[in-house]
Amino acid sequence: MFEWLARRRRERALARHALPEDDWQRALDCLPFISHYDQALLERLRELATLFLVEKSVVSGATDGAHSLEVTPFMRVLVAAQAALLLIGRGETVAEAMTEYDGFENVVIHPDDFPRTYDYEDEDGVVHQLHEPIAGESWDGGPVLLSWPAVEAGYAESGMALVIHEFAHKIDLNDGLIDGIPPLTGAPRERFARVIEAAYTDFVARVERGEDTAIDPYAAELVEEFFAVSCEVFFAEPELLAREYPDYFGELRAWFQVDPIAGRRWQPMT
Ligand SMILES: [Zn+2]
């Protein structure tokens, strides 16, 4: 019953809050890796992005001072389109797909990289506080933080799709575990875990050998970073991931229910 009500509410919101056509077209122009999806999926993406902006606030992390940042309607659409991309094939309805982003409300846009403060314990057990500038962060049960220049740079220029990266962390976190595995259970979970582990182990070895990898070597840091980076590549440069790690590409395709190379919904063979 409550699920039905929530779905009805989402469907009504969708009818009321259409995205401005020019902002949507401009966002698509900035995201060339989206343009080849078939018409049905592009319409679904637009509905998902609309619903995203109904449910989430995309706000400035710097509202005053010399380095303040105003978040424009276009900026909101550019973020929403990419957050929605991870849901493009998911769920029976867009309302059902959007439940994967339940549990947080805000996306905070910073005018530049922002400091993350964390404790680090060295070999002698001494704890140091480190302050490291970062471009993005996803809090468990909290907001997604993004540096605008990194969002704006785009994948072709920076080799990074920051929005996809941070929302991949959100999906990973959905089962309460940050482990590089989306919220799967049973045999599909075991299979995903086995396949990502094999790909990750191979990738770490290549980076350690000093190979100049086409996939960002940052992915070798932790398996959850491998997952987030590979989600960027899955959507922004799918041929690369399919070539380098075909089995793992297949697992991501099964999770996201989309074939990003063909630009079509993906259905398992029966
Ligand atoms: Zn990350």
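What makes the arrangement of the 4 donor atoms around the zinc ion irregular? The answer lies in the angles: the donor atoms subtend 52 to 143 degrees around the zinc ion, which makes the arrangement irregular. Please keep in mind, as we look around, that this is a predicted model.

**The zinc site**

The zinc ion is coordinated by NE2 of His165, NE2 of His169 and, listed twice, OE of Glu225, at 2.1 to 2.8 Å. Along the sequence, these donor residues follow the spacing H-x3-H-x55-E. Histidine 169 belongs to helix H7 and glutamate 225 to helix H9, so the pair ties together parts that are 56 residues apart in sequence. Are histidine 169 and glutamate 225 buried or exposed? Both of these residues are buried.

**The sheet**

Next, the strands. An open sheet is built from 4 strands in the order S1-S2-S6-S5, and its pairing is mixed. Strands S1 and S5 stand at the edges with a single partner strand each, so one side of each is left without a neighbour in the sheet. On average, neighbouring strands here are turned by 20 degrees against each other, direction ignored. As general background, strands of a sheet pair through backbone hydrogen bonds, in either a parallel or an antiparallel way. S5 and S6 pair in the antiparallel sense, over 3 bridges. In that setting, serine 138 has valine 144 of S6 as its bridge partner.

Here are the residue ranges of the strands:

| Strand | Residues |
|---|---|
| S1 | 57-60 |
| S2 | 106-110 |
| S5 | 136-138 |
| S6 | 144-147 |

**Helix H6 and its surroundings**

Helix H6 covers residues 148-158, and its buried residues are Trp148, Ala150, Val151, Gly154 and Tyr155. What do the buried residues of H6 pack against? Their partners are helices H4 (73-85), H7 (162-173) and H9 (223-236), together with strands S2 and S6. The zinc donors histidine 169 and glutamate 225 lie in two of these partners, H7 and H9. Just after H6 comes glycine 159, which takes a positive phi of about 70 degrees.

**A buried glutamine**

One more residue to visit is glutamine 82, found in helix H4. Glutamine 82 has a relative accessible area of 5% and is therefore buried. Leaving aside residues up to four places away in sequence, glutamine 82 touches Leu31, Phe33, Val151, Val163 and Ile164. One of these contacts, Val151, is also among the buried residues of H6.

Definitions and conventions:
Residues numbered from 1 in each chain as written. Predicted model: local features only at pLDDT ≥ 70, side-chain atom pairs only at ≥ 80, totals over all residues. Heavy atoms only, no water. Pairing = 2+ DSSP bridges. Helix = DSSP H or I, 4+ residues; strand = E, 2+ residues; numbered from the N terminus. Axes fitted to C-alpha atoms, helices over the stretch in contact; angles between N-to-C directions. Buried < 20%, exposed > 50% of the residue type's maximum accessible area, 1.4 Å probe, protein only. Contact = heavy atoms within 4.5 Å. Donors = N, O, S within 2.8 Å, 3.2 Å for Na, K, Ca; no water. Tetrahedral: all angles 85-135°; square planar, octahedral: opposite > 155°, others 65-115°.
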